[in-house]
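Reader: Hi, I'm new to this one and would rather know a single part well than skim the whole thing. Please pick one spot, look at it closely, and then show me how its surroundings fit together.

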Amino acid sequence: MTSSGIERMPDAAETSAAVLMAAGFPKMPARALMALVVSEDGWLTAAELSEILGSSAAAVSGAVRYLQTVGFVHRVSQPGSRRDRYALPDNAWYVASLRQNPVYQRLADLADSTASSLREGSAARARVKEMGAFYRFLMTRMPELLDEWEHTRLKA
């Protein structure tokens, strides 16, 4: 048993990882994220993740690198040890990742770039411009929605 208190992923956590995958999340990062979420302390070492997920060190390394890039986890050095641990942010992981994740801005910028390469007045250009406008809409609304969620969560 790991220090996290789990030997393997609970079935419900595996199902949640599968839902994340169906929504486009890569498989190993989805499973690693759910292992962290269901761990007692909200952190695990790479060795613990490998044991829990039944996967190679290389697969875990790629998964945590991806999760760090998108802001779902951060690496914490352990004094006196060569092993780092991978932890969820102190505040709710979903709020932290959505507030800090620049994906909507990047998608809006890519839509603008794509639209400028398409023929003026074309249906394709109009669709791509609408896509960019949608992502900008999400960028402006997300902080308000997250604030509303925090208020709702604190009342519960």
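Author: Let's start with S61, which sits in helix α4. Before going on, a word on ground rules: this is a predicted model, where local features need pLDDT of at least 70, side-chain atom pairs count only at pLDDT 80 or more, and totals for chains, interfaces and linings use all residues. Residues are numbered from 1 along each chain as its sequence is written, and side-chain values use heavy atoms, with hydrogens and water left out. Helices (DSSP runs of H or I, at least four residues) and strands (runs of E, at least two) are numbered from the N terminus.

Is S61 buried or exposed? Neither, quite: its relative accessible area is 32%, which makes it partly exposed. The cut-offs are under 20% for buried, over 50% for exposed, and partly exposed in between, with a 1.4 Å probe and protein chains only. S61 and A46 are 15 residues apart along the chain, yet their C-alpha atoms are separated by 7.2 Å.

Now for the helix itself. From first C-alpha to last, the 13 residues of α4 reach 18 Å, close to the 18 Å expected at 1.5 Å a residue. That expected span is 1.5 Å times one less than the number of residues. Which residues of α4 are buried? They are V60, A63, V64 and L67. Look down the axis of α4 and these buried residues fall within an arc of 90°, so they line one face of the helix; the arc is taken from the directions from the helix axis to the C-beta atoms. Exposed A58, R65 and T69 are carried on the face of α4 turned away from that buried side. Right after the helix comes G71, with a positive phi near 85°.

What sits over the buried residues of α4? The cover includes α2, α3 and β3. Contact here means heavy atoms within 4.5 Å. L67 is a good place to see it: leaving out residues up to four places away in sequence, it touches F25, P29, A32, L33, F72 and V73.

Take α2 next. Its 12 residues should span 16 Å at 1.5 Å a residue, and the end C-alpha atoms are 17 Å apart, which agrees. This helix is mostly covered, with 9 of its 12 residues buried. Among those are P29, A32 and L33, the three residues of α2 you just met beside L67.

Then there's α3, where E48, L49, S50, I52 and L53 are buried. They pack against α2, β1 (43-45) and α4. S50 belongs to α3 and is buried at a relative accessible area of 17%. Beyond its neighbours within four places in sequence, S50 is in contact with S55, S56, A57 and V60. After α3 comes G54, whose phi is positive, near 65°.

The third piece of cover, β3 (residues 84-87), runs antiparallel to β2 (residues 74-77), and 4 bridges join them. Strands count as paired if DSSP finds at least two bridges between them. R75 stands opposite Y86 in β3. The hairpin of β2 and β3 has 6 residues between the strands, and G80 there takes a positive phi near 80°.

Several of these parts meet in the largest nonpolar core. It has 24 residues, and M9, A35, L49, L53, L67 and F72 touch the most other members. A nonpolar core is a set of buried Ala, Val, Leu, Ile, Met, Phe, Trp, Tyr and Cys residues joined through side-chain atoms within 4.5 Å. Elements giving two or more residues to this core are α1 (11-22), α2 (27-38), α3 (46-53) and α4 (57-69). The largest share, 7 residues, comes from α2. In soluble globular proteins, nonpolar side chains tend to be buried together.

Finally, step back to the whole chain. It holds 7 helices and 3 strands, in the order α-α-β-α-α-β-β-α-α-α along the sequence. Of its 156 residues, 35% count as buried. Among contacts with a separation of 6 or more, 55% are between residues 24 or more positions apart.
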